[in-house]
Structures are given as structure tokens and as C-alpha cells.
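Student: I have a structure open and want to learn how to read it. Can we go through some features together?

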Amino acid sequence: MKKILLVLLCAGVASIANAQKNEVTAAKSAWVLLANSGAKTLPETLKMIEDGLAHTDKAIAHEKTKENAEAWSYRALLASRAALIDTLDFANSKAKQIIAEEAIEKATTFDKKGDEKENLQNAKLNIEDAVRNRGVFAYRKKDLPTALESFNEVTKRNPQDTFMFVNAAVIARELKNYPEVARNYKAAIALNHPESNILYKDLIGIQFRELKDSAAAIALIQEASAKYPEDSDLIGMETDYYMKKGDMAKSQAMLTKLIEKNPQNDTYQVIMGDTYFKQATDIQDQRNKVDPKKVKEFNELGVQMKKLLDQSLPYYKAAVAINPKNEIALDKLRSIYFFKDDKANLDAVQKQIDALK
């Protein structure tokens, strides 16, 4: 009897072990069936996933298969797939993500030979897409804090996702969370986002307008200008900053050096002209507020304004001589000739503008 009992006992253990291995096989089959199931409704697909996960529940609970890398690998695939396709149900999506993340960690630990590497990579991609999709759905629902949280999570998972850094920055901008805007923009710039110059300019504007941090803004302008020396907006921002500070000499000195270095750059000529033109428009605003009875004051401001416009004129002319299609320079010339009541030159410039159209 002892021998028979012993044999029966061994057979029982083997049967249980085989049964658990069958659970692993069943989970694997569930994944294959899911991948080839074709068009299914969401509830039907989720039901298939839950059935597959139930098999992994049994496999990872048993002593013989709790360290089976394949069991954990397919558990990660199934749970991550549920997290991805059920992103409208945030609670279920996140719950399945947690299951998948644990499974990835366990499978990685037990997969000594790397047999499950591809499955685990696919599971990670499913999770990343799930997080991204939850962010998109949250944004569409105007749940901006959740959208920002999701997009930031994507960037942590994939720190090379340049465009997701920008998405996170855009959401943070709407939330007026400017430190987050700066962090994400700077990360995208460091990754050489194709529109880094635009990101720089938006961030510079935030530093100036929202944070009132001129020092940080100027530092950013100088950093951006070193990368994009031909960007007229950046040059204009820096010169405009000095102009607003009343440091016209510094603004014009900077532009003079640029013009000397590249005299055929029509943009530099325009911006130099703008240093005078803007002063003229500021005086015009002041002049418009003068009491009409104060004729002398009004006329004196008019003389100052005309002098500044005359100083800007050669630069706009130079810009047009270099580039006859420079619309900014042509438009400024038209304004100056209109103010000076110079009909002949006004008509000539207007013809150039009309020709461009």
C-alpha cells in the first residue's frame, strides 16, 4: 500500500504541476485568440482579456509556476491591453496598468534568458499608449490637471518623446502652471524639437509678461539667439527690451554690429529702422493726448516725431534695396510717406506693395 500511495501522491503532484502549466498555456492561448479575434465589441474584448488574466491568476498563485516568466509575461500583455483599450474608464484602465506593471517587473526578474523581451516591450508600449490616450481624453473633457498628469507620466516613461513634452507644456500653459511650462519646453528644446525657436519665443514671452522676470527672459533670448542668429523675432525681442528700458543706445549698438557683420541682411536693416520708428509712434501716442489748445506742445512733438521717422527712413530703404519683397519695410515706408504727405513716394511704394499681391 505504501508503494501505491507514494506513486499516487507523486502522480497527484505531477498532475497539479501540469495543471498549472496548462494555466500558462491557456493564458498564452487567450492572448493569441485575442490578437486574432478580429472585430469585437469592447465588452467582448474585455471579457476575453479577463478570462486570460484568470488563467494567469492561477499560474502565479501556485508554487510551481509563480516564478514562470512566461506566465508573468502574458499577464503583462493581457493587462496592458485592457489598460489601453479601456482608457475611457479611467479607473479600470489604471487598475489594469498597475497589474501590468507588476507583471513586467516580475517577468523581467524571472526571465533570465531574455525569452520574453519582445512581449515585455510590447506591454510597455501598451501602457505608454494607454497613459497618452487617457491624457487626450482628459483634455477633451477639459480635465486639464488629469491631462497634464498623464502627459507628464508619458514623458517619464519615454524621455525621448519630444512632442509629448510640448503637449504637457501647452496644458500647463492653460493651467497657468508656468514652472511646468518652462520645464517641458526646455526638455523639448534639449531634444532638438523642430520648432524650438517658437518654443523659445513662447517661453520668453511668459517670462516677460507673466513672471515679470526680465533677467530670465534676456538669458533665454541670448541662448536662443546663439542657436538661431538669423531669427528676426529674437533680435527684435532683445532690442525691444532695451528700447523699453530706455537704453536705445545699447539696442542700436547691438544692431550696428549685426549690420556691419552682414550688411546684406534686410531683416537687420528693418529692425534698426524700427528702433527709431517705435520711438516715433510712442511720441505720436503722446501727441494724440495733448490738449488741442496747446498748439506749441503739439507742434514740438510733431517735430520730434518727424525727426525720428527721418532717421528710420534710410534703413527701410536699404532693406527694400536688398530685398524688394520685404513687406515690413515697404509698409513702414508707406506709413512714413503718408505722415510726411510725400505723395510721389507714397504712390511709388504703394505700387510695389500692390505688385507683391
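Student: Which residues do ring pairs link into a cluster?
Tutor: This is a predicted model. In it, Phe208, Tyr241 and Tyr242 are joined into a cluster by ring pairs.

Student: How many aromatic pairs are there by this rule?
Tutor: The count is four. One of them is the pair of Tyr276 and Tyr315, which is stacked. The ring centres are 6.1 Å apart, with 10 degrees between the planes.

Student: Which parts does that pair tie together?
Tutor: Tyr276 lies in helix α13 (residues 266-288) and Tyr315 in helix α14 (residues 295-322), so the pair ties together parts 39 residues apart in sequence.

Student: Are Tyr276 and Tyr315 buried or exposed?
Tutor: Buried means under 20% relative accessible area, and exposed means over 50%. Tyr276 has 14%, so Tyr276 counts as buried. Tyr315 has 24%, so Tyr315 counts as partly exposed.

Student: Rings can also sit under a charge. Where does the charged end of Arg287 sit?
Tutor: Over the ring of Phe298, 3.9 Å from its centre. Lys141 gives another case: its charged end sits over the ring of Phe90, 5.3 Å from the centre.

Student: Now helices. What describes two packed helices?
Tutor: The angle between their axes and the distance between the axes. Take helix α10 (residues 214-227) and helix α11 (residues 232-244). They pack at about 145 degrees, and their axes are 9 Å apart. The crossing of α10 past α11 is left-handed.

Student: Which residues of α10 and α11 meet?
Tutor: From α10, Ser214, Ile218, Ile221, Gln222, Ala224 and Ser225. From α11, Leu234, Met237, Glu238, Tyr241 and Tyr242. Sorted by kind, the contact of α10 with α11 has seven nonpolar residues, three polar and one charged. Tyr241 and Tyr242 are also in the ring cluster with Phe208.

Student: Thr239 lies in α11 too. Why does Thr239 count as buried?
Tutor: Because its relative accessibility is 2%, and the cut-off for buried is under 20%. Look at the neighbours. Leaving out residues up to four places away in sequence, Thr239 touches Ser251, Met254, Leu255 and Ile271.

Student: What about Asp274 in helix α13?
Tutor: Asp274 has a relative accessible area of 22%, so Asp274 is partly exposed. With residues up to four places away again left out, Asp274 touches Met243, Tyr316 and Lys332.

Student: Is Ile98 buried or exposed?
Tutor: Ile98 is exposed, because its relative accessible area is 56%. Ile98 is found in helix α4 (residues 90-110).

Student: How far apart are Ile98 and His193?
Tutor: Give two answers, one for sequence and one for space. Ile98 and His193 are 95 residues apart in sequence and 32 Å apart in space, C-alpha to C-alpha. For Asp274 and Leu203, the values are 71 residues and 23 Å.

Student: Last topic: the backbone. What sign does phi have in most residues other than glycine?
Tutor: Negative. Now find Lys142, which is not a glycine yet has a positive phi of about 65 degrees. Lys142 is found in the loop between α5 (117-140) and α6 (144-157). With a relative accessible area of 65%, Lys142 is exposed.

Student: Where is Lys176, and what is its phi near?
Tutor: Lys176 is in the loop between α7 (162-174) and α8 (178-190). Its phi is near 60 degrees, also a positive value in a residue other than glycine. Lys176 counts as exposed, because its relative accessibility is 60%.

Notes. Residues are numbered from 1 along each chain as its sequence is written. This is a predicted model: local features need pLDDT of at least 70, side-chain atom pairs count only at pLDDT 80 or more; totals for chains, interfaces and linings use all residues. Side-chain values use heavy atoms; hydrogens and water are left out. Axes are lines fitted to C-alpha atoms, for helices over the stretch in contact, and angles run from 0 to 180 degrees between N-to-C directions. Helices (H or I, at least four residues) and strands (E, at least two) are DSSP runs, numbered from the N terminus. A crossing is left-handed if the near helix is turned anticlockwise from the far one by less than a right angle, and right-handed if clockwise. Contact means heavy atoms within 4.5 Å. Ala, Val, Leu, Ile, Met, Phe, Trp, Tyr, Cys and Pro count as nonpolar, Asp, Glu, Lys and Arg as charged, and the others, Gly among them, as polar. Buried means under 20% relative accessible area, exposed over 50%, partly exposed in between (1.4 Å probe, protein chains only). Rings of Phe, Tyr and Trp (its six-membered ring) pair if their centres lie within 6.5 Å; planes under 30 degrees apart count as stacked, over 60 as edge-to-face and the rest as tilted. A charge sits over a ring if NZ of Lys or CZ of Arg is within 6 Å of the ring centre and within 35 degrees of the ring normal.
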